[in-house]
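Here is a short set of exercises to work through with the model open beside you. Try each task before you read its solution.

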Amino acid sequence: MLCSRFLTRSDQPEQPVMVFLHGLLGSGADWLDCAQWLQAYSCIGLDLPGHGGSRAVVCHSLDEAAGQVRDSLIKLQLADRPLVLTGYSLGARIAMHGVANGLFAPLNIRLLAVEGGHFGLTSTQEQVVRWRQDCRWARRFRREPVDAVLADWYQQPVFSSLNHAQKQSLVNCRSDNLGSGVAAMLLATSLARQAYLADALKSQPVPLHYFYGGHDSKFSRMANDSRVPASCIAHAGHNAHKEQPQAFAMALRRQLNQHLEMTQ
C-alpha cells in the first residue's frame, strides 16, 4: 500500500474526495499549498513508489503503478466515494494510463485532472531516444550524489521558466531522495514504455481536463494539439500547482463544479 496523507479533511461527506499524485522526485506533500484552497473537500496526497513514505515500495511498470494507486484508495475505503484524480507530470501519466486502460475499477472517478502530463510518444524513433535518455539519467541517479544530478536535471528545457533561486530551492528540497529509488521508478514508468493515450482517454466515460502553465510552451502546445478540454494557469511554468497554488485550485474547482452540474 502506498503511503497517504490527508492534506485537508472535510465534514461534508457528499463532496468528492480529491486525490493527488505528484511528479518524479516529489511526494504527496507537494500538494499542500494547493489543498489549502480546497477546504470544502477532503484532499489526499499519495506518495508514489520509490518516493516519500513509499520509498520501500517497488514498481515495475505503469500497470503496476496504477494498480498500487487503485489498491491504496480501496484500502482507504474510498471505493464508493466520488473521486477527483489529479496528477502532475509522472503522476498525471500514471493517472491517464490507469483511466485509459480501465485499471481503476471499481473506483468512482468523476474527473481526471491532468497537469503537464505527456500523452505519449508517437514514433519508435522517439521512444528509442527517450529510453536512452532515461537510462542515462537513471545511471547517474544510481552512481552520483543526488544533489549533483539534480543540479543538471533542473537545467532541462521543461524547467526553463524557473530562475536560478527556484531551481536551487528544488535541488535542496529534493536531495533527500534515494537515487536508486528514483532510478528504478524512472525506468519502470519511462515515457518510452507508455502508449499514446489521448485517443483512448477520449473514449472513456471519465471526463478529462488538462491544465498547463502559461509559460510552459511544450505542454500548452500538447494540450492544444490533442484537442482536449484545457485550462491555462497564468504566470506559471511546468509545475503550475506549485508556482500558482491558489489559481490552480480555483481552476480545478471550477472544472469539478461544471462536471457535477452536467451530471445532475
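**Exercise 1: a covered helix**

In α7, the buried residues are G179, G181, V182, A183, M185, L186, L187 and A188. This is a predicted model, in which local features need pLDDT of at least 70 and side-chain atom pairs count only at pLDDT 80 or more, while totals for chains, interfaces and linings use all residues. Residues are numbered from 1 along each chain as its sequence is written, and side-chain values use heavy atoms, with hydrogens and water left out.

Task: find which helices the buried residues of α7 pack against.

Solution. Start with the terms. Buried means under 20% relative accessible area, exposed over 50%, and partly exposed in between (1.4 Å probe, protein chains only). Helices (H or I, at least four residues) and strands (E, at least two) are DSSP runs, numbered from the N terminus. Next, look at the whole helix: α7 spans residues 179–188, and eight of its 10 residues are buried. Finally, look for its partners, where contact means heavy atoms within 4.5 Å. The buried residues of α7 pack against α2 (62–75), α3 (90–100), α4 (124–143) and α5 (146–153).

**Exercise 2: two helix pairs**

Task: work out how α4 and α5 are oriented to each other, then do the same for α2 and α3.

Solution. Axes are lines fitted to C-alpha atoms, for helices over the stretch in contact, and angles run from 0 to 180 degrees between N-to-C directions. Angles under 35 degrees count as roughly parallel, over 145 as roughly antiparallel, 65 to 115 as roughly perpendicular and the rest as oblique.

Step 1: α4 and α5 pack at about 150°, with their axes 8 Å apart. The two helices, α4 and α5, are therefore roughly antiparallel.

Step 2: list the residues that meet. From α4 come W137, R140 and F141, and from α5 come A148, V149, L150, D152 and W153. By class, the residues of this contact of α4 with α5 are six nonpolar, no polar and two charged. Here Ala, Val, Leu, Ile, Met, Phe, Trp, Tyr, Cys and Pro count as nonpolar, Asp, Glu, Lys and Arg as charged, and the others, Gly among them, as polar.

Step 3: for α2 and α3, the angle is about 90° and the axes are 9 Å apart. That pair, α2 and α3, is therefore roughly perpendicular. In this pair L62, D63, A65, A66 and V69 of α2 meet R93, I94, H97 and G98 of α3. The contact of α2 with α3 has five nonpolar, two polar and two charged residues.

**Exercise 3: backbone features in loops**

Task: examine L25, H235 and P106, and say where each is placed.

Solution. Begin with L25, whose phi is near 80°, a positive value in a residue other than glycine. L25 lies in the loop between β2 (17–21) and α1 (32–35), and is buried, with a relative accessible area of 2%.

H235 also is not a glycine, and has a positive phi of about 60°. H235 belongs to the loop between β7 (230–233) and α10 (240–243), and counts as exposed at 61% relative accessibility.

Last comes the peptide bond between A105 and P106, which is cis, with omega about 10°. P106 is in the loop between α3 and β5 (108–115).

**Exercise 4: the cores and a buried strand residue**

Task: which residues have the most contacts inside the largest nonpolar core, and what does L111 touch?

Solution. A nonpolar core is a set of buried Ala, Val, Leu, Ile, Met, Phe, Trp, Tyr and Cys residues joined through side-chain atoms within 4.5 Å. The largest has 60 residues, and those with the most contacts inside it are V69, I94, L112, F119, W153, L201 and Y210. To this core α3 gives the most, with seven residues. Apart from it lies another core of 23 residues, including C43, V84, A113 and L252.

Now turn to L111, in strand β5. L111 is buried, at 0% relative accessible area. Leaving aside neighbours within four places in sequence, L111 is in contact with L83, V84, L85, V206, P207, H209, L252, Q255, L256 and H259. Of these partners, P207 is 96 residues from L111 in sequence, yet 5.3 Å away in space, C-alpha to C-alpha.

Another partner, Q255, is in helix α11 and counts as buried at 10% relative accessibility. With the same neighbours within four places left aside, Q255 is in contact with L111, H209, F211 and S231.
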